Amino acid sequence: MRRALVIGAACAGIAAAALAVAQAARPLIADLSSKQIKISTGFTGAQLLLFGSTDGAGDVVVVVRGPRRDEVVRRKERTGGIWINGRSIEFGGVPAYYHVASSRPLGAFANRNTLMEYRIGVATLNLPALSAAPDDLVREFRTALIRLKREGKLYSESPGGVTVMDGRLFRTEITFPATVPTGTYSAEVYLFRQGEPVGRSLTPITVRKVGLEAAIFEFAHRHAAIYGILAVIIALLAGWTAGVIFRRS
Amino acid sequence: MQFYFPIAEMSLNALLLLGLGGGVGFLSGMFGVGGGFLMTPLLIFIGLPPAVAVGTEANQVVAASVSGALAHWRRGNVDIKMGVVLLIGGFIGSTMGVVLFTWLRQLGQIDLVISICYVTFLGIVGSLMVVESARALMRNRPAPGSAGRKLHQHTWLHGLPFKMRFRRSKLYISALLPLGIGVFVGVLSAIMGVGGGFIMVPAMIYLLGMPTAMVVGTSLFQIIFVTANVTFLQSVNNQTVDVMIALLLVLGSVIGAQFGTMVGARLRGEQLRALLGLIVLAVAIRVGWDLVAMPAELYSLGLIGGLS
């Protein structure tokens, strides 16, 4: 018992020393409760804890960005009495996921230009239109894109979502909805002082399907023909089994 | 009971899927129909992307039609020769249908075409059924088969070439006729995610003049092959067949169909047809309403080349 206590104390000492060394070298260190989100059978979304410490007072901002891809926004228009997909605009490099959490509202510690430079805040996202369209229409469709992403909990802002303790330790919860796309994400942490970022840390997060789900998805896409044949065979067997049970009852 | 389904890329309640299977299975057991025309709109309604709903439902119909066809096979109610001609047409039609489906999906108009197909064909078939069974109910007894009646009326359709003899159905007609019907229903099967029995059965009775006893078994027999073809092609072209969802639906529908058959046996034919006609019409109206009513959300997002 005593030995265990001694070892425990030693470990704590080493950890504290390591923290001190790290702090001397960098104004900011951060880590995640997990660097992987595994999508398996029971997946209904995930929560990660991001935590770390700073070398003194300041404002902490956490930005999580999902993989970029091209997306299309379609608008329903009334044609001949029915609502059909009419005008559509494609946007390039749209982050699949975007979340900002900060210790105070963004405007309270950084000016607009700085936020634009680091693309902090949903409003600062660069979403260029790939389709030729008048400017006001592009703006309208871009607003709709952001609104839909917000409604799907894929884009979010959480001013005050980062909790700071003793001016040095900080933590925040990052929530991913069940519909989170797979790919490589990045969790960026900034330490702001006098309106400028003085420290930055970057941690990648991998979102991937695992287990049976991953196997089925991979198989369906890589061996589509065999998947199709198996789907038919499974259905034939299921139907045949049902037919046999039917006759008995 | 939330489960993540990797093909649909969303999590759904497994009990809800079992329940849907059970409910639709009950109705299909009661009326002797496949139920695809009910299931696909329901799957879309609970949030499945329409492309996945159609591909997955085709897979479920394979299973449903095997067990149905098996029962008719035992009673000798399958005209294999007619079934093969129909399914050759069905293969051609469903292959064309999947190509059309893939193209429409890239255009972003697949949802619209699915809806219009539902409104049009369910609207027509539902109205005809309701009118026909209402007349039969008003006569208050089954239509008497008059003694000197011809087996069927002769029209220009019987002047077509490539005549073929179908012994089991006691028909001598042009093979082009069942082939054409097969092609047409095949296209619909691919786009609507249905077996197409609700079009095939009336077409066999009124256009081909097949004996009623042979119709359902033969229709089910060819539906197995056509929906198997759709399942295969949707898997290859669009990767939109979710076997896990299909299996849950099959499980539910097998159980539901048992009870449905028991209830169906207590009702008269005209009553059943009237009730089925009303349900078919209700689905058509529901889908049609979504087309004409101002949508709550005008905008939609899609990955380029991804699921709609």
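This passage describes a predicted model of a complex, with attention to chain B, a sheet in chain A and the contact that joins the two chains.

The predictor assigns the complex an ipTM of 0.84 together with a pTM of 0.78. Within chain B the pLDDT averages 85, and 93% of the residues reach a score of at least 70. A stretch with low confidence is found at residues 143–150 of chain B, where the pLDDT is below 50 and where the model shows one contact beyond near neighbours in sequence.

Chain B contains 10 helices and five strands. Its C-alpha atoms occupy a box of roughly 60 × 45 × 40 Å when this is taken along the principal axes. The radius of gyration of chain B is 19 Å, which agrees with the value near 19 Å that would be expected for a compact globule, because the chain has 308 residues. Of these 308 residues, 54% count as buried. Among the contacts in chain B between residues at least 6 apart in sequence, 81% connect residues that are at least 24 apart.

At the beginning of the numbered strands of chain B, strand β1 (residues 2–5) and strand β2 (residues 10–13) run antiparallel and are joined by four bridges. Within this pairing, B:Q2 of chain B is placed opposite B:N13 in β2(B). The hairpin formed by β1(B) and β2(B) has four residues between the strands, and B:E9 adopts a positive phi near 55 degrees in this hairpin.

In chain A, four strands form an open sheet with antiparallel pairing, and their order is β1-β3-β10-β9. The edges of this sheet are formed by β1 (28–32) and β9 (163–165) of chain A, each of which pairs on one side only. From one strand to the next, the twist averages 20 degrees. At one of these edges, β9(A) is joined by three bridges to strand β10 (residues 169–176) of chain A, the two strands running antiparallel. A:M165 has A:L169 in β10(A) as its bridge partner.

The contact between the chains involves 42 residues from chain B and 49 residues from chain A. On the side of chain B that touches chain A, at least two residues are supplied by each of β1, β2, α3 (50–74), α8 (212–238), α9 (243–266), α10 (269–292) and β5 (299–303) of chain B. The element that gives the most to this side is α3(B), with nine residues. By class, the side of chain B that touches chain A comprises 29 nonpolar and 13 polar residues, and no charged residues.

Strand pairing also extends across the two chains. Strand β5 (residues 68–79) of chain A pairs with β5(B) in the antiparallel sense, over five bridges. In this pairing, A:E71 is found opposite B:L303 in β5(B). The segment after β5 of chain B includes B:I304, a residue whose contacts, when residues up to four places away in sequence are not counted, are with A:D70, A:E71, A:V72 and A:E90. B:I304 has 14 other C-beta atoms within 10 Å and is therefore partly exposed. Within chain B, the C-alpha atoms of B:I304 and B:G108 are separated by 9.8 Å, although the two residues are 196 residues apart along the chain.

Methods. Residues are numbered from 1 along each chain as its sequence is written. Chains are lettered from A and ligands numbered from 1 in the order in which they are written. This is a predicted model: local features need pLDDT of at least 70, side-chain atom pairs count only at pLDDT 80 or more; totals for chains, interfaces and linings use all residues. Two strands pair if DSSP finds at least two bridges between them. Axes are lines fitted to C-alpha atoms, for helices over the stretch in contact, and angles run from 0 to 180 degrees between N-to-C directions. Two residues are in contact if their C-beta atoms, placed from the backbone, lie within 7 Å. Ala, Val, Leu, Ile, Met, Phe, Trp, Tyr, Cys and Pro count as nonpolar, Asp, Glu, Lys and Arg as charged, and the others, Gly among them, as polar. The radius of gyration is taken over C-alpha atoms; the globule rule is 2.2 Å times the number of residues to the power 0.38. A residue is buried if 20 or more other C-beta atoms lie within 10 Å of its own, exposed if 12 or fewer, and partly exposed in between; C-beta atoms are placed from the backbone. pLDDT is the predictor's confidence in each residue, from 0 to 100.
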